[in-house]
Each structure stands twice: as C-alpha cells, then as structure tokens.
Amino acid sequence: MWDFSTDPEFQAKLDWADRFVREEIEPIDVLFPGNDEPYDRDSEVFREVVRPLQARVREQGLWAAHISPELGGMGMGQVRLALLNEILGRSQWAPMVFGTQAPDSGNAEILAHYGNEAQRREFLEPLLDGRIVSTYAMTEPTGGADPGSFTCRAVLDGDEWVIDGEKWFASNYPYAAFVIAMVITDPDVPVHRGSSMLLVPRGTPGMEMVRQTGLGGEPIGEGAHGYLRFTGCRVPRENLLGEPGTGFAIAQKRLGGGRLHHAMRSVGQCRRAMDMMIERIAGRETRGGPLSGQQAVRQSLADTWIRLEQFRLQVLHAAWQVDRSNASGDPADARVARLHVSAVKAATPGTLVDVLYRAMHLHGSLGVSNELPLAKMWQSGPVLGVADGPTEAHKDVVARLLLKDAEPASDRLFGSSHLPARIEAAREKFAGRLTGTGAAR
Ligand SMILES: Cc1cc2nc3c(=O)[nH]c(=O)nc-3n(C[C@H](O)[C@H](O)[C@H](O)COP(=O)(O)OP(=O)(O)OC[C@H]3O[C@@H](n4cnc5c(N)ncnc54)[C@H](O)[C@@H]3O)c2cc1C
C-alpha cells in the first residue's frame, strides 16, 4: 500500500521534537553560531545547557535515533528518521542535542560492527553517550573525489601499524577523542581492495594537525576541520577495524547513511527558509500593497514549494528504499538503494542553493546581511555539493547503475521506438481486424 500518513504515536513524538527544537535549541543557535562550537565537549554551553537537553531527549526515547536498539538507539528506520531529521535540520545544534550528528553517527556504526570489546568500551560507549566526539579521515590534500589517488599508507611492523601520510578536511578533529583513518595497506591492488580502516586515539605520537581549516567567511586558522599529518605514527595491530583491504567497502556503507541524513536535514533548512519567505512577502509593503501581491513574487514562492516538495518526496522515497534493502538483505535491493541515495545526494546542493537564494533575494538587503541566517544557510548548498563526494561523482553512480543492464536495440540505427517500424508491427498485430480504418494501410 502507498501511504503518506504518519502514525499518530510517532506524530506526537515529532510534534514534541518540533516544539523542543524551536523553543529550547534554536536560542542556542543564535548565541553560539560557530560551525565548530557544537563539538566542543569542554564548553560551558555544552555542560550547562546541552547536557540537560540531551537528558530530555533520552526521556522521550529519541536519543541517537539512527542507532539500532542493541546499541541504545531507537532503530526507527530511515523513513521515520527522515521525518525527525527534517525537524533537526532547522538547527545547527539540534543533531548534537539528539545524538545524531555526523561524523559520530557513521563512526559509531563502524565501531559497533568492527571494534573489539575493549575498543567498544573505550570509544563506542562514550561516543554513543555523547561524552566524546570523533573524526573520520579519508580525504587527502591531493584529491578526495578519487580514492585512487590516496597515498596515506600503513605498514605492519611487528604488532604495530605504522602510518605515514596526510589527511585533509577531517571534520571536528580539534575536539575529537579518536580518528578513524582510511589508509592504504596494500598499494599493489586497486584502492577498493587495498585500503583499510585504522583507529587512532587522540594524542598518539606521530599524528599532528598541520592547521585548522574552516569554511569561507571563517577566519584563517579557525574552523571545525583538521589538515592532518601522520609521521611514523604507530597504533597496535588490533586497531585495524574490519579485515585488511575492506576499508573502501566500509567507507561506502558508512557514507551512504551520512549522505541521506544530510539530505533529510536539508529539507528542514529549506522549509525554514520557505517559512521565512512566506512571512516576509506577506508583511513587506511595496507599491501600496504586500509583496505577495506581485505576480513574480507569487511565482517564486510557488516554484520554491514545488522544488522543495519534489525533493522531500525523493528523500523519503530513498529512505524507504534503504529500509527495504536493509530488511531484505538482497544485493539487488542494495543496488537500488544506492542509486536512490546517490540521486538524492546529487539533488541536495541544487535544491538548497535554489530555495535559499529565492528566500534571500525576497528579503532584499536584509536577506544577504549578517542579521538573518539565510546567507549562512545558503552556503550549505555549495558545501554539500562537495562534502561526501562531489555531485558529478554521484551522478556518475546514478548513470552507471541505470546503464548496468542496458541492452542496445536490435535496430541499432533507429532504435526500438522508431515509428515506421512500430507502425508496421502494429499493423501486423491487428491484421484483418481494422480493415475499415486508415490504420490498415
Ligand atoms: C564541510 C566539509 C566537511 C568534510 N568533512 C570530511 C571529513 O570529515 N572527512 C573526510 O575524509 N573528508 C571530508 N571532507 C572532504 C570531502 O569528502 C571532499 O572535499 C570531497 O570528497 C571532494 O574532494 P576534494 O575536495 O579533494 O575535491 P576534488 O576531488 O579535487 O574535486 C574537485 C571538483 O572536481 C570535479 N570532479 C571531481 N571528480 C570528478 C568526476 N569523477 N567527474 C566529474 N567531475 C569531477 C568536481 O566538480 C569536484 O567538485 C569534507 C568536505 C567539506 C566541504
């Protein structure tokens, strides 16, 4: 059955989350707007304000909603998570308050699947509890979109891995208790068979931050991301997560969820921008009437709603495909889910840029100013066009999967839709039955 309704019990949870985000978390956003601030566990705002709010989220049973119940999460599935993430996407701090922030969500999944008991105790438990944050380091300064170019290596020396190389844009490194680094362990085979995941605790000698990097507009030397260098950095043999050579496969599994979750939250960002747009055009006077009286302005609002609604349905459908694939375990379903996730990833930046641009534009100078959040929200469009893989790479995945079973037509010159051949075939099909019509000729 196709059904677009939400069951009343879960809707009540969503209504609670919506009120909670607007009343309790958005005030934190306006006082602490720095991109890295939610990750600083030692800050006063985290201790005094966020911790008590996290406890209230736990009481509602909404903590770490992406994680399976065995690990203390709700295991609610991707469709329900999409509905919740739409609400959390309104706010920069909300994912942290609800325990669903990237990259900790994906790192927790890796540790849960591949960590040994001691690693789970030392790193996974405090991570799931929100007491520490973590970093995922895959991209290198020479290029992130092509893992074939990665050179950061790890070599086994006795009972230790020795890591040498660099990583770039490792989010939240300035505050992270550990890093999960993708490293080349076998340079003689392609990267999808020669890379592995290593757990590197903070403070391990040989791991240093060359500098902190941020997004455009943030001062040089500040920001949430780390440019990392490993020089003879040694970690115990058992810090390998998963089998040697499975790093790429683990990365793909991990990144799939993150890409979809960004898209879910982007729906929330866009809806917030559209709400602001509606409020503005209903109230702003121009040429003796409200801005909403102008036909071009109404067209802009309608285009915004249409684009957002299309995107939202695409995100929910992709979430449904992932749930379906997880339930069946069928590789064919996993391929379909991958196609949908990449398609959503490719659609996210354009939707954000388009919706946010319209909202900004209709607010005039106020829209582009530093007195509204729209310009910063707009920036997440270009950012999400690059983070977790550029749009072109995801479109390539979409096209590759669509072409996977493609067969050329038997008539390679004109194709199977060529009308002269189809008319001939249709005439043959109805031969002797349509003698009184022109179709028989
Ligand atoms: C905010 C943010 C957070 C990030 N966090 C992390 C993190 O925590 N950990 C981590 O490992 N990385 C992280 N990254 C890095 C991110 O994954 C990379 O930026 C991304 O994979 C692209 O790599 P690149 O920046 O080296 O760009 P390049 O690989 O140099 O690509 C640049 C451009 O070239 C074009 N291009 C590249 N490949 C193709 C192709 N196949 N076909 C057509 N065009 C192509 C695209 O236009 C692309 O945008 C983050 C990035 C951002 C912006």
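The domain assignment splits the protein chain of this predicted model into four pieces, listed here.

| Domain | Residues |
|---|---|
| domain 1 | 8-115 |
| domain 2 | 134-241 |
| domain 3 | 251-403 |
| domain 4 | 410-441 |

How far apart are the C-alpha centres of domain 3 and domain 4? They lie 45 Å apart.

UniProt has something to say about residues 245-402 as well: an unreviewed entry lists them as "domain: Acyl-CoA dehydrogenase/oxidase C-terminal". Over that stretch the chain is 83% helix and just 3% strand, and its end C-alpha atoms are 28 Å apart.

Now for a pair of helices. Helix α1 covers residues 8-31 and helix α3 covers residues 78-88. Their axes come within 9 Å of each other and cross at roughly 20°. Angles under 35 degrees count as roughly parallel, so α1 is roughly parallel to α3. The crossing of α1 past α3 is right-handed. Which residues of the two helices make the contact? From α1 come F10, L14, A17, D18 and V21, while α3 brings R80, L83, L84, I87 and L88. Sorted by class, that contact of α1 with α3 has 8 nonpolar residues, 2 charged ones and no polar ones.

Finally, have a look at two backbone oddities. Most residues other than glycine have a negative phi, and most peptide bonds are trans. The peptide bond from A102 to P103, though, is cis, with omega near 0°. You'll find P103 in the loop between α4 (94-98) and α5 (104-114). R287 isn't a glycine, yet its phi is positive, near 45°. R287 sits in the loop between β9 (285-286) and β10 (289-290).

Methods. Residues are numbered from 1 along each chain as its sequence is written. This is a predicted model: local features need pLDDT of at least 70, side-chain atom pairs count only at pLDDT 80 or more; totals for chains, interfaces and linings use all residues. UniProt positions are given in the numbering used here, feature names are shortened, and annotations may be inferred rather than shown by experiment. Helices (H or I, at least four residues) and strands (E, at least two) are DSSP runs, numbered from the N terminus. Domain bounds come from an automatic or database domain assignment. Axes are lines fitted to C-alpha atoms, for helices over the stretch in contact, and angles run from 0 to 180 degrees between N-to-C directions. Angles under 35 degrees count as roughly parallel, over 145 as roughly antiparallel, 65 to 115 as roughly perpendicular and the rest as oblique. A crossing is left-handed if the near helix is turned anticlockwise from the far one by less than a right angle, and right-handed if clockwise. Two residues are in contact if their C-beta atoms, placed from the backbone, lie within 7 Å. Ala, Val, Leu, Ile, Met, Phe, Trp, Tyr, Cys and Pro count as nonpolar, Asp, Glu, Lys and Arg as charged, and the others, Gly among them, as polar.
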